[in-house]
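Reader: I am new to this structure and would like a close look at one part of it, with its surroundings described step by step. Please begin with a single residue and work outward from there.

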Amino acid sequence: MQKQLRRRGRPKGSGAQQPSGIQALDRALDVLEALAAHDGMTLTQLADHLDQSAATMHRVLATLEGRRYVEIDPKRQEWLIGPEAFRLGSSFMRSSGIFERSRPIMRDLMLQTGETSNLGIEQDEEIIFISQVETHETIRAFFPPGTKSPLHASGIGKAMLSSFDDQRIEQFIRKAEFKNYTEKTICSAEQLRDAIAESRRLGYSLDDEERTTGMRCVAACILNVYGEAIAGISVSGPTSRMQSSKVHEIGQLVSSAARELSKRLGA
């Protein structure tokens with residue numbers, strides 16, 4: 001009976017050994033990633049989500065809370081990402097240089113178009129939004145920092161794909177799942193190749209209700225000193241304001257903003 005009590009809460013197959021340092025770190029990172037993906041989680045929800053015991057999760061949370069990487073909402077009894085995790089993540093954006101340099105250009109783009117401006121980077125063949133300047137309109141696009149979007153169903157994603165060489169595009173297509181989000185989502189290799197060709201011709205990419213019905217996004221690539229695409233800038237808004245007749249005009253503004261930001265980064 002005592003042996004069973006000692007083993008309770010350990011991952012299956014771990015035996016009587018204590019978790020190694022790497023395993024403990026891995027578990028803590030799992031907790032941070034889970035909390036980052038949800039708007040608050042109770043201890044029970046987190047334990048169920050990660051298939052761990054509540055006791056194990058509480059020890060991890062207590063350690064992270066002591067370092068301010070997580071915090072608890074006393075009213076809802078839900079755990080949230082803490083300020084130290086935000087500070088740590090923000091250091092990446094500071095080190096890249098693009099975050100600070102993009103803000104005035106994104107603000108100008110928002111004022112010129114009247115719509116929300118976004119900044120995103122490509123990582124592991126997904127777009128991660130890292131910054132946003134919101135429009136003052138009541139109905140608007142909203143992508144909190146850290147939000148991910150697939151390459152084939154986002155404006156910035158298709159802009160980044162258009163910067164790939166043909167070999168890399170074909171490698172992406174071979175393993176792409178082409179998840180369907182709306183009736184307009186690109187669902188085949190042929191459609192994606194056509195969209196990439198159109199993006200290259202126009203100098204900007206369009207997400208025409210392909211990720212979210214009723215929303216459009218126009219995007220262009222940002223280049224570094226080597227001429228490599230390192231990020232994308234976009235404008236997103238409802239189709240009621242971003243009408244088809246305005247797309248090309250907005251595309252020119254987005255392309256101009258991307259070129260200006262690329263120059264500031266040394267391109």
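**From one side chain to the packing of the helices**

Author: Setting aside residues up to four places away in sequence, Leu 64 touches Ala 28, Val 31, Leu 32, Tyr 69 and Val 70. The model in front of you is a predicted one, and each statement here should be read as a description of that prediction. Leu 64 belongs to helix α4, which covers residues 54–66, and its relative accessible area is 10%, so it counts as buried, the cut-off being under 20%. One of the residues it touches, Val 31, is 33 residues away from Leu 64 in sequence, while the C-alpha atoms of the two are 9.4 Å apart in space.

Following the chain onward from α4, one comes to the loop between α4 and β1 (70–73), where Arg 68 has its place. Arg 68 has a positive phi of about 65 degrees, although it is not a glycine. Most residues other than glycine have a negative phi. In the loop between β1 and β2 (78–81) sits Gln 77, which is likewise not a glycine and has a positive phi, near 55 degrees. With a relative accessible area of 46%, Gln 77 is partly exposed, whereas Leu 64 is buried.

To see how such local details fit into the whole, it helps to step back for a moment. The chain contains 10 helices and eight strands, and of its 267 residues 42% are buried. Among the contacts with a separation of 6 or more, 56% join residues that are 24 or more positions apart.

Strand β8 gives two examples of buried residues with partners elsewhere in the sequence. Ser 234 is found in this strand and is buried, with a relative accessible area of 0%. Neighbours within four places aside, Ser 234 is in contact with several residues, among them Leu 109, Asn 118, Ile 156, Cys 217 and Val 254. Val 235, also in β8, is buried as well, at a relative accessible area of 0%. Its contacts, again without residues up to four places away in sequence, include Leu 109, Thr 113, Arg 216, Met 242, Ile 250 and Val 254. Between Val 235 and Gly 114 the separation in sequence is 121 residues, yet their C-alpha atoms lie 9.1 Å apart.

The contacts of β8 lead on to helix α10. For the 21 residues of α10 (residues 244–264), a rise of 1.5 Å a residue gives an expected span of 30 Å, which agrees with the 31 Å between its end C-alpha atoms. Within α10 the buried residues are Val 247, Ile 250, Gly 251, Val 254, Ser 255, Ala 257, Ala 258, Leu 261 and Ser 262. These buried residues pack against α6 (98–113) and against the strands β3 (116–123), β6 (205–208), β7 (215–223) and β8 (229–238). After α10 comes Gly 266, with a positive phi near 100 degrees.

Two packed helices are described by the angle between their axes and the distance between the axes. For α6 and α10 the angle is about 160 degrees and the axes are 10 Å apart. An angle over 145 degrees counts as roughly antiparallel, and the two helices are therefore roughly antiparallel to each other. Their crossing is right-handed. On the side of α6 the contact is made by Ile 98, Arg 101, Ser 102, Pro 104, Ile 105, Leu 109, Gln 112 and Thr 113, and on the side of α10 by Ile 250, Leu 253, Val 254, Ala 257, Glu 260, Leu 261 and Arg 264. Sorted by class, this contact has nine nonpolar, three polar and three charged residues.

A second helix pair can be set beside this one. Helix α8 (residues 166–175) and helix α9 (residues 189–202) cross at roughly 145 degrees, and their axes come within 11 Å; this crossing, too, is right-handed. From α8, Asp 166, Ile 169, Glu 170, Phe 172 and Ile 173 take part in the contact, and from α9, Ala 189, Leu 192, Arg 193, Ile 196 and Arg 200. By class, six of the residues in the contact of α8 with α9 are nonpolar, none are polar and four are charged.

Technical notes
Residues are numbered from 1 along each chain as its sequence is written. This is a predicted model: local features need pLDDT of at least 70, side-chain atom pairs count only at pLDDT 80 or more; totals for chains, interfaces and linings use all residues. Side-chain values use heavy atoms; hydrogens and water are left out. Helices (H or I, at least four residues) and strands (E, at least two) are DSSP runs, numbered from the N terminus. The expected span of a helix is 1.5 Å times one less than its number of residues. Buried means under 20% relative accessible area, exposed over 50%, partly exposed in between (1.4 Å probe, protein chains only). Contact means heavy atoms within 4.5 Å. Axes are lines fitted to C-alpha atoms, for helices over the stretch in contact, and angles run from 0 to 180 degrees between N-to-C directions. Angles under 35 degrees count as roughly parallel, over 145 as roughly antiparallel, 65 to 115 as roughly perpendicular and the rest as oblique. A crossing is left-handed if the near helix is turned anticlockwise from the far one by less than a right angle, and right-handed if clockwise. Ala, Val, Leu, Ile, Met, Phe, Trp, Tyr, Cys and Pro count as nonpolar, Asp, Glu, Lys and Arg as charged, and the others, Gly among them, as polar.
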